[in-house]
Amino acid sequence: MKRMFLAAASAAAALSLTACDELPDSLSGEGSALDIPEVADGELSEQTMVDIVRELSSDEYEGRMPGTEGGKKTVALLIEKYKAAGLEPGNNGEWVQDVPLVEITGKDFAPLTITNPNGDAAADISLDFATDWVGVSYQENVETTLEDSEIVFVGYGIDAAEREWNDYDGVDMTGKTALILVNDPDFGAETLDGPFGGKAMTYYGRWTYKFEEAGRKGAAAALVIHDEAPASYGWNVVESSWSGPQAYAQRGENAPPMTSMNGWVQKSAAQQIIEAAGQDFEALLAAAKEPGFKPVPLGLSASTSFRNDIRTYASQNVIGVLPGTERADEYVIHTAHWDHLGRCTPAPDGDDICNGAVDNATGTAALVALAEAHAKAGATARSLVFLAVTAEEQGLLGADYYAANPVFPLAQTVGGINMDAFQVAGPAKDVTVVGPGKSQLDLFLEAALEADGRVATPNPKPEAGYYYRSDHFAFAKRGVPMLYVDGGEDLVEGGREAGAAVAKDYTENRYHGPKDEFNEEWDWSGVMGDLNLFYRLGRMMGMSTSWPNWNDGDEFRGTRDADCERSEVGC
């Protein structure tokens, strides 16, 4: 789920976060009066990093798939290491939070048929599963049926009061099918200026939001129109990701409403549907980009059905805490996912274990190394939480389950840092900031980088929305400010050309494959430099008296403000 675009970044210029002409205007100093303490270097153990990454990525752990023996061994090891680091159990005296999971596998898919109730049956459209459309159900029903559901084109499917934008205005979606454009209305912009962040994708551009919003509106189904450029990936990715087993965290009794079916349609299929309704596809696309767009009922109905095999199982998040000395009921959270893919497509040599050494044994080891360093330095005023989450590779499931069922109240969680796949390529002059300009945590990052003598490179592909694709997002969408910082690309030895070559090699030869394995020859100096940056950030937040918020106009600001109004502690 994490970003893998490093090779595309060779032309991006390294710059300080204060260089506001290159980064969003919101980084011009909002919140500059925040209390940001100075922090010394941490006493961080490279040996801890080496030993844990070697252990977790060994064949003995079989790729750390949740629900397997390798997953259980990972949880046991983390508990052992958390204890030794000096942490306390983080879940009311327990080290783990059980995460109930469900796996739903669709089968026996009928075509998606599009009919005009008042028209000629000969003009009906029949779309084949996988070729023209894909769909899944998040509901634990043996059979999913969509029957004569009226189709409504809802533009980008956005209801954003803070942007005075509502693509559902004036329509009752109960029982209907929402046909939705991918990304958000600013896609294609050349700058970061615009009601939806210019070329930088917002949360409203993510398919996850679009499906959730359609459910909140009472829709029976939601279909996102695939278009390769605004989606940032081809139809082959959609087809492979949305067929076969789909894992979800089990929905509780008070879960938000959800459609019966969510899915995607090829752009060519969507054009067929819209033309059959007597509408012009390009004209509707242009209209959807303009403020004041109104949903367009197409006068057509959608029908399909499929069956579901359902399997339930459980995994665990591992939680340790270093209680605060003065404000123990205020929390700073560190997250990394411990899981990987288990056994996968074999390499030419027959190796079928996706060991996940870089992704994300490195981030998991970092949780332990940071816990050790903070414990040695002494607890901060606020409590520091170290959360190793499960099932990231299956859709951020462990992080989302924790954020929906938090051990520590989210309104009392100051902010956090997510760590996912450290580069083992030697030291870099910079770090890559994914999602800059969103919150006042940027000012903490700016101070930490200055102390380390490094600079920040902004996300080189903001239109892809990578901020919304890793574990921190589960917290961000519920109002908790979160930083997502990746390793740098301007290497001390070799510069950006060398950094791009390392990234390309990893992406093409190791990422999500059996060859993401531990190497005794790795240069850990760059990892340790990044780890020291994360140590500074966590300690700054832990010692600060300030409550950083999302910047004005950010999509998560309203949620945070509402939580703060309700909470007697925090904010």
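**Strand pairing, cores and salt bridges in the predicted model**

Gly-488 sits in the loop that runs between strand E21 (482-487) and helix H12 (495-509). The model described here is predicted. In it, Gly-488 is buried, at 5% relative accessibility. Beyond its neighbours within four places in sequence, Gly-488 contacts Gln-423, Ala-428, Asp-430, Val-431 and Thr-432. Thr-432 is 56 residues from Gly-488 in sequence. In space, their C-alpha atoms are 5.3 Å apart.

Strand E21 is itself largely enclosed by the rest of the structure, because six of its six residues are buried. Two strands were examined as partners of E21. Strand E18 (residues 413-418) runs parallel to E21 and is joined to it by three bridges. Here Ile-417 stands opposite Leu-483. Strand E19 (residues 430-433) also connects to E21 through three bridges, but this pair is antiparallel. Thr-432 has Asp-486 of E21 as its bridge partner. Thr-432 is thus named twice, as a contact of Gly-488 and as a bridge partner within E21's pairing.

Confidence in the prediction was considered next. The mean pLDDT of the protein is 90. A score of at least 70 is reached by 94% of the residues. Residues 3-29 have pLDDT below 50. This stretch nevertheless has 72 contacts in the model beyond near neighbours in sequence. Where pLDDT is low, predicted coordinates should not be read in detail.

A second set of strand pairings involves E3 (residues 112-115). Strand E3 pairs antiparallel with strand E4 (residues 125-127) over three bridges. Thr-113 is bridged to Ser-126 in E4. Strand E3 also pairs with strand E13 (residues 296-322), again in the antiparallel sense and over three bridges. In that pairing, Ile-114 has Ala-302 of E13 as its partner. In a regular strand, side chains alternate between the two faces of the sheet.

The largest nonpolar core contains 68 residues. Met-49, Tyr-82, Leu-531 and Leu-537 have the most contacts inside this core. Helix H8 (residues 357-377) supplies the largest share of the core, 11 residues. Tyr-82 has contacts with Leu-87, Trp-95, Val-318, Ile-319, Gly-320, Leu-367, Val-368, Phe-386, Leu-387 and Ala-388, leaving aside neighbours within four places in sequence. Another core, of 65 residues, lies apart from the largest one. Its members include Ile-125, Phe-196, Ala-399 and Leu-410.

Two further residues were examined individually. His-226 belongs to strand E10 (residues 221-226). His-226 is buried, with a relative accessibility of 4%. A polar atom of its side chain lies 2.8 Å from the backbone oxygen of Tyr-233. Beyond residues up to four places away in sequence, His-226 touches Ala-231, Tyr-233, Gly-234, Trp-235, Val-238, Trp-264, Val-265, Gln-266 and Lys-267. Glu-55, in helix H1 (residues 46-56), is partly exposed, at 31% relative accessible area. With the same sequence neighbours left out, Glu-55 touches Tyr-61 and Leu-77. Glu-55 and Val-332 are 277 residues apart in sequence, and their C-alpha atoms are 28 Å apart.

The structure holds 36 salt bridges. One of them joins Glu-213 to Arg-216, with the closest N and O atoms 2.7 Å apart. Both residues lie in helix H3 (residues 207-216). They are three residues apart, about one turn of the helix. Glu-213 is buried at 7% relative accessibility, whereas Arg-216 is partly exposed at 42%. The side chain of Glu-213 also meets that of Lys-217 in a salt bridge, at 3.4 Å from N to O. Lys-217 is partly exposed, with a relative accessible area of 25%. Asp-159 joins Glu-213, Arg-216 and Lys-217 in a network of salt bridges.

Another salt bridge links the side chains of Arg-557 and Asp-561, with an N to O distance of 3.2 Å. These residues are separated by about one helical turn, because they are four residues apart in helix H14 (residues 557-566). Asp-561 is partly exposed, at 28% relative accessibility.

Notes. Residues numbered from 1 in each chain as written. Predicted model: local features only at pLDDT ≥ 70, side-chain atom pairs only at ≥ 80, totals over all residues. Heavy atoms only, no water. pLDDT = per-residue confidence, 0-100. Contact = heavy atoms within 4.5 Å. Buried < 20%, exposed > 50% of the residue type's maximum accessible area, 1.4 Å probe, protein only. Polar contact = N/O pair within 3.5 Å; in protein donor to acceptor, adjacent residues only side chain to side chain. Core = buried A, V, L, I, M, F, W, Y, C linked by side-chain atoms within 4.5 Å. Pairing = 2+ DSSP bridges. Salt bridge = Lys/Arg side-chain N within 4 Å of Asp/Glu carboxyl O.
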